[in-house]
Amino acid sequence: MAHALPDIAFFHQLADAAAQQTLPRFRSAQELHVGSKPKEGFRFDPVTDADRQAERVIRQIITEHYPEHSILGEEFGATGSGPLQWVLDPVDGTRPFLCGLPVWGTLIGLYEHGRARMGMMSQPFTQERFWADGNAAWWRSPYGEHRLTSRTGISLSQAILHTTSPEPVPRFPAIRFTDLAERVLMTRYGGECYAIAMVAAGHIDICVEYGLQPYDIAALVPLIEQAGGAITTLDGGRPEQGGNIVATGCPVLHQTVLDCLNG
């Protein structure tokens with residue numbers, strides 16, 4: 001049974017509310033409370049009051065408008081039940097947030113029966129929004145609004161590869177990232193969720209990310225797919241529950257990338 005999905009204007013409302021919490025704390029002279037959560041493979045996994053306050057306000061607005069919907073957020077876990085679930089990462093990329101680098105974003109995804117249908121990545125410092133409305137992917141900035149189309153028809157030797165950090169590469173030797181990096185045009189690091197948005201926008205061709213949680217990817221799955229790209233787990237499965245994730249702008253290239261990573 002299909003359920004009526006919210007209008008994309010509601011996603012913008014949520015992103016506006018989150019920005020009121022994150023933006024004043026970014027590159028700010030005011031004290032930012034920074035803690036750390038345990039995470040396998042990392043000495044330091046930061047969390048800030050920007051993360052917590054942004055998720056609180058998003059949850060409050062969703063609950064006011066859609067009390068029948070469930071919510072899964074990075075900071076406060078899962079609440080409610082039902083076929084429609086909001087999946088939230090209030091500050092995806094807390095490390096660059098702390099470094100003053102504007103490649104973090106607020107991720108707002110919507111699952112219907114566990115399948116990603118709509119999503120938004122908001123970068124308030126650059127005043128950019130990337131979203132998927134259920135049919136197409138879009139980008140809005142101070143320079144205008146455009147439909148997003150990923151880059152297709154590209155060979156592996158001409159592809160641009162990205163992963164957020166080289167740190168996991170030696171920890172996962174079965175994932176042949178180095179083999180893939182040797183076959184592409186160039187490899188870049190450090191883009192977080194912004195890099196996956198750039199796959200949808202046609203500027204990056206391949207993103208490989210390790211050990212993601214659902215809230216890391218929920219908003220970005222429909223963005224990639226509705227821009228014409230492909231996004232799966234390393235074994236080619238659906239990505240909604242996270243794990244080791246591969247996003248490509250070109251679906252034809254996708255299987256080649258998976259084959260290379262899997263050796």
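Does Cys 99 count as buried, partly exposed or exposed, or, put more exactly, which of these words fits Cys 99? At 59% relative accessibility, Cys 99 counts as exposed, where exposed means over 50% relative accessible area, buried means under 20%, and partly exposed lies in between, with a 1.4 Å probe and protein chains only. The structure is a predicted model, in which local features need pLDDT of at least 70 and side-chain atom pairs count only at pLDDT 80 or more, while totals for chains, interfaces and linings use all residues. Residues are numbered from 1 along each chain as its sequence is written, and side-chain values use heavy atoms, with hydrogens and water left out.

We can stay with the cysteines for a moment. A disulfide is a covalent bond between the sulfur atoms of two cysteines, and here it is taken as a pair of cysteine sulfur atoms within 2.5 Å. By that rule the structure holds 0 disulfides. For Cys 99, the closest cysteine sulfur is in Cys 193 at 14 Å, which is too far for a bond. Cys 250 is in no disulfide either, since the nearest cysteine sulfur, that of Cys 207, is 15 Å away; unlike the exposed Cys 99, Cys 250 counts as buried, at 4% relative accessibility.

The next topic is the aromatic rings. A pair of aromatic rings is described by the distance of the centres and the angle of the planes. Rings of Phe, Tyr and Trp (for Trp, its six-membered ring) pair if their centres lie within 6.5 Å, and planes under 30 degrees apart count as stacked, over 60 as edge-to-face and the rest as tilted. This rule gives 10 aromatic pairs. In one of them, the rings of Phe 10 and Tyr 66 have centres 5.1 Å apart and planes at 80°, so the pair is edge-to-face. The two residues are 56 residues apart, with Phe 10 in helix H1 (residues 8-22) and Tyr 66 in the loop between helix H2 (49-65) and strand E3 (70-73); helices (H or I, at least four residues) and strands (E, at least two) are DSSP runs, numbered from the N terminus. Phe 10 is buried, with a relative accessible area of 7%, whereas Tyr 66, at 22% relative accessibility, counts as partly exposed. Phe 10 also pairs with Trp 86, with centres 5.6 Å apart and planes at 65°, so this pair too is edge-to-face. Trp 86 belongs to strand E5 (residues 84-92), 76 residues from Phe 10, and Trp 86 is buried, as is Phe 10. Ring pairs link Phe 10, Phe 11, Tyr 66 and Trp 86 into a cluster.

From strand E5 we can move to its partner, E6. Two strands pair if DSSP finds at least two bridges between them, and E5 and E6 pair in the antiparallel sense over 7 bridges, with Leu 88 standing opposite Ile 108 in E6. E6 also pairs with E7 in the antiparallel sense over 7 bridges, and there Leu 110 has Met 118 in E7 as its bridge partner. E6 and E7 form a hairpin with 2 residues between them, and His 113 in the turn has a positive phi of about 50°. E6 is mostly covered, as 8 of its 8 residues are buried.

Further along the chain there is an open sheet of 5 strands in the order E12-E11-E13-E15-E14, with mixed pairing. Strand E12 (186-189) and strand E14 (230-233) stand at the edges, each with a single partner strand, so one side of each is left without a neighbour in the sheet. Strand E13 (residues 206-212) and strand E15 (residues 243-248) run antiparallel and are joined by 5 bridges, and the partner of Leu 212 in E15 is Gly 243.Helix H5 (residues 192-200) lies across strand E11 (160-163), E13 and E15, running at about 140° to E13, where axes are lines fitted to C-alpha atoms, for helices over the stretch in contact, and angles run from 0 to 180 degrees between N-to-C directions.

The last topic is the nonpolar core, a set of buried Ala, Val, Leu, Ile, Met, Phe, Trp, Tyr and Cys residues joined through side-chain atoms within 4.5 Å. The largest such core has 35 residues, of which Met 121, Phe 130, Leu 148, Ile 217, Leu 220 and Leu 223 touch the most other members. H5 gives the largest share of this core, 8 residues. Leaving aside its neighbours within four places in sequence, Leu 220 is in contact (heavy atoms within 4.5 Å) with Leu 107, Met 121, Cys 193 and Ile 196.
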